[in-house]
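Colleague: I'd like to learn how to read surface and pockets in a model. Can we work through one?

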Amino acid sequence: MTSEKTPATEEEAGPRPRRLTYAAALCGLEGLALVVGGVWMLVEGLGGSPDDRRSAVTGGITLVVLALLPLLAARGLLARRSWSRGPAVITQIMALPVAYNLLQADSVAIPAGIAIAVVAVAALVLLINPATTQALGIRGPGRAQDGER
């Protein structure tokens, strides 16, 4: 059995904290950005004249598939499902090295790196916030058999 528990009904859990809604919005935004980037790569790969058509198509498909992780996490966060925090945190951790690499470039990629880093750090802060954890019904280690604090 898992120590994670989701409240049975919205009435039992009370109103959804704003932090949880904001975290879901940021995850959804990241997912949509990945979909847009993936579709753009696919269109360029299939219709344009890329250096390597196969790489462009593969990259586009990969981005669209990767977009499922934050999109499903965002939906789960809005529905207050305890499982959704894991994929949401993983998405933010995966975004940090991408942001770092973009910040190392000497190009217009630097603002994109800054934006990705800000969104990832903000989402991580929101996801590990105690109010978010409580709203998702997640208990800390060693508290599975303990009642409420």
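Colleague: How much area does the protein expose, and what share do carbon and sulfur atoms supply?

Modeller: The protein exposes about 9,500 Å², by the Shrake-Rupley method with a 1.4 Å probe. Carbon and sulfur atoms supply 65% of that area. This is a predicted model: local features need pLDDT of at least 70, side-chain atom pairs count only at pLDDT 80 or more, and totals for chains, interfaces and linings use all residues. Residues are numbered from 1 along each chain as its sequence is written, and side-chain values use heavy atoms, without hydrogens and water.

Colleague: How many helices and strands does the protein have?

Modeller: Seven helices and zero strands. These are DSSP runs, numbered from the N terminus: helices are H or I with at least four residues, strands E with at least two.

Colleague: How do I read empty space, and how much lies in the second largest pocket?

Modeller: Rolling a probe the size of a water molecule over the atoms shows where empty space is left. On a 1 Å grid over the protein atoms alone, a pocket is an open set of points where a 1.4 Å probe fits, with protein on both sides within 12 Å along at least five of seven lines. Lining residues have an atom within 4 Å of a point. Here, the second largest pocket holds about 530 Å³, the space filled by probe spheres set on points joined across faces, edges and corners. Of its 16 lining residues, Glu 30, Leu 34, Ala 95, Val 98 and Ile 116 are the closest to its centre.

Colleague: Which helix gives the most to that lining?

Modeller: H5 (85-103), with five residues.
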